[in-house]
Amino acid sequence: MLIATFNINGIKARLEALPRWLSAAKPDVVCLQEIKSVDEGFPRDLFEDMGYRVETHGQKGFNGVALLSRLPLEDVTRGLPGDDSDEQARWIEATVMAPRPVRVCGLYLPNGNPAPGPKYDYKLAWMARMELRVRALLAQEEAFLCAGDYNVIPQAQDAAKPQAWETDALYLPQTREAFRRLLHLGLLDAFRAREQAPGHYSFWDYQANAWERNNGIRIDHLLLSPQAADRLSGAGIDRDVRAGEKPSDHVPVWITLDD
DNA sequence: ATGGTCGCAAGGCGA
């Protein structure tokens, strides 16, 4: 089973690039971020015609997450628990009904810039809420994973120019500390577990020829529960997608799990 | 230090 995460940076702008990648990569499950669309505006027919079930958690203009799945989905929930006043659409969960089911959490973690400031406070508070949700899921001792745009550069080796990010919300010590707390609960960074070499990125800014210079960062991650990690058979980043026509600034990151 | 580029959606915000 192939499960991917892909920040598409606007569904309307990706009506060609996203189906093109789906046809080539044939993922079973995809967590999408930054759909930048309300639920009613999401072109679900396009993906249903390709054999995918579609579950969205959208909002107008910004943010928004969605799940595409070739397998049945059960118990779909929307929103990260822990703050009823939070109106930003950044979290969706569903159980993928494979022979051995896996709970999939799709997330779009806040960017947090500028830091310090209220946006950074929101990012850290959101990460604390995510930790609580992960703890609750871990207590069930079942296979689950959290896949999405974390807006976290975990280590220096995950940036082409780490020194350029030292004061950025994606790389500040408190940010990386909060990410490590998730790992230390028992989650596995699946890509890093399968590939230790530096220089593998999932995002290149549209500005300043970042792609041409390979000035990238790795901020899209799949974190696996122990029961999911036991089934991990592969991981990769589809970096060539960034060179395609009208690309997102992110590329898909994926894993394969034994069914 | 500034602005560099996109997407959404129709002006400026978010990234």
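This passage walks through the two sheets, a helix pair, two contrasting residues and the surface near DNA strand B in a predicted model.

We may begin with the sheet that contains the N-terminal strand. Six strands make up this open sheet, arranged in the order β3-β4-β2-β1-β14-β13 with mixed pairing. Its edges are formed by β3 (53–57) and β13 (232–237), each of which pairs on one side only. Direction ignored, neighbouring strands of this sheet are turned by 15° against each other on average. As a reminder, strands of a sheet pair through backbone hydrogen bonds, either parallel or antiparallel, and both senses can be followed here by moving from strand to strand.

Strand β1 (residues 2–7) is a convenient place to start. On one side, β1 runs parallel to strand β2 (residues 29–33), to which five bridges join it. On the other side, β1 is antiparallel to strand β14 (residues 253–257), and four bridges join the two. Ile3 illustrates both pairings nicely: this residue stands opposite Val29 in β2 and opposite Ile255 in β14. Leu2, in turn, has Thr256 of β14 as its bridge partner. Five of the six residues of β1 are buried, so the strand is largely enclosed by the rest of the structure. Strand β14 is likewise mostly covered, with four of its five residues buried.

Moving outwards from this pair of strands, β2 meets strand β4 (residues 65–69) in the antiparallel sense over five bridges, and there Val30 is partnered by Leu68 of β4. Towards the other edge, β13 and β14 run antiparallel and are joined by five bridges. Gly236 stands opposite Trp254 in β14.

The model also holds another open sheet of six strands. Here the order is β5-β6-β7-β8-β12-β9, and the pairing is again mixed. The edge strands are β5 (73–78) and β9 (188–189), each pairing on one side only. Within this sheet, strand β8 (residues 144–149) and strand β12 (residues 220–224) pair in the antiparallel sense, with five bridges between them. One of the facing pairs joins two aspartates, as the bridge partner of Asp149 in β12 is Asp220.

Turning to the helices, the axes of helix α3 (residues 118–138) and helix α4 (residues 173–184) come within 10 Å and cross at roughly 5°. Angles under 35 degrees count as roughly parallel, and α3 and α4 are therefore roughly parallel to each other. Their contact brings Leu124, Met127, Glu131 and Val134 of α3 together with Gln174, Ala178, Arg181 and Leu182 of α4. By class, the residues of this contact divide into five nonpolar, one polar and two charged.

Two individual residues offer a helpful contrast in burial. Phe203 lies in strand β10 (residues 203–204). A residue is buried if 20 or more other C-beta atoms lie within 10 Å of its own, so Phe203, with 23 C-beta neighbours inside 10 Å, counts as buried. Leaving aside residues up to four places away in sequence, Phe203 touches Gly216, Ile217, Ile219, Asp220, Asp249 and His250. Asp220 thus appears both in this set of contacts and as the bridge partner of Asp149. Phe203 and Asp149 themselves are 54 residues apart in sequence, with their C-alpha atoms 9.7 Å apart in space.

Asn209, by contrast, is placed in the loop between β10 and β11 (216–217). The exposed class takes residues with 12 or fewer such neighbours, so Asn209, which has 11 C-beta neighbours inside 10 Å, counts as exposed. A separation of 39 Å lies between the C-alpha atoms of Asn209 and Leu71, which are 138 residues apart along the chain.

Finally, what surrounds the nucleic acid? DNA strand B is surrounded by 15 residues, and the closest are Gly10, Lys12, Ala13, Lys36 and Gln207. The residues of the surface near DNA strand B divide into six nonpolar, five polar and four charged.

Methods. Residues numbered from 1 in each chain as written. Chains lettered and ligands numbered in written order. Predicted model: local features only at pLDDT ≥ 70, side-chain atom pairs only at ≥ 80, totals over all residues. Near = placed C-beta within 6 Å. Nonpolar A, V, L, I, M, F, W, Y, C, P; charged D, E, K, R; others polar. Pairing = 2+ DSSP bridges. Axes fitted to C-alpha atoms, helices over the stretch in contact; angles between N-to-C directions. Parallel < 35°, antiparallel > 145°, perpendicular 65-115°, else oblique. Contact = placed C-beta atoms within 7 Å.
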